[in-house]
Amino acid sequence: ALPLVLLLSSIILEIIVTSLATSQLFGRSLLNEQLAAEALEAAKSGAADGIVRVRDYINCPNSTYCPSTSTLAVGRRTACVSITATSGGFVIYSRGKARVVQKTVQVNLAVSTSTGEMQIRLFKEVVTPTGIFETCVQ
């Protein structure tokens, strides 16, 4: 009877340990998914802030009102925004960060020199380019 009780106890214990390990992995997966969504939202908010800065300050980027690189608090998350003038427009990169998860959004703006009209040509998630966000404090 004792060997049977020991065998059944070990089987039950193994089932419990396996269930706990599986639930922990599933929980981590959900947390990473949530952090990725929050990082992307922070990046989108940073990109929107960059668009507003370009719209409001004609000499963007400059060091006073429209810095080429800035950090923005988005709730409990942060976004690092980089604005670069190009011929005929601007390129804005915004990297959102939620704990260790980072997402980057790129925005290409076309600006008419005669009317001042802005058009968003591109607004999408991209792989984080190297060398753009080195001066950001995040």
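**Notebook: strands β1 to β3 and residue A85**

I began with the turn that links the first two strands: β1 and β2 form a hairpin with two residues between them. In that turn, I read a positive phi of about 65 degrees for G75. I note that the model is a predicted one.

I then looked up how these strands pair. Strand β1 covers residues 69–74, and its pairing with β2 is antiparallel, over six bridges. As one position in this pairing, I checked T71 and found C80 to be its bridge partner in β2.

I moved to the other hairpin. Here β2 and β3 are joined with two residues between them, and G88 in the turn has a positive phi of about 85 degrees. Strand β3 spans residues 89–98 and runs antiparallel to β2, with nine bridges joining the two.

Next I took up A85, which I located in strand β2, residues 77–86. Which residue of β3 is the bridge partner of A85? I found F90 in that role.

I also listed the contacts of A85, leaving aside neighbours within four places in sequence. Those contacts are C60, P61 and F90. F90 is thus entered twice, as bridge partner of A85 and as a contact of A85.

Is A85 buried, exposed or partly exposed? I recorded 46% relative accessibility; A85 therefore counts as partly exposed, since that class lies between under 20% for buried and over 50% for exposed.

Last, I looked up one separation along the chain. A85 and S29 are 56 residues apart in sequence, and 39 Å separates their C-alpha atoms.

Key. Residues numbered from 1 in each chain as written. Predicted model: local features only at pLDDT ≥ 70, side-chain atom pairs only at ≥ 80, totals over all residues. Heavy atoms only, no water. Helix = DSSP H or I, 4+ residues; strand = E, 2+ residues; numbered from the N terminus. Buried < 20%, exposed > 50% of the residue type's maximum accessible area, 1.4 Å probe, protein only. Contact = heavy atoms within 4.5 Å. Pairing = 2+ DSSP bridges.
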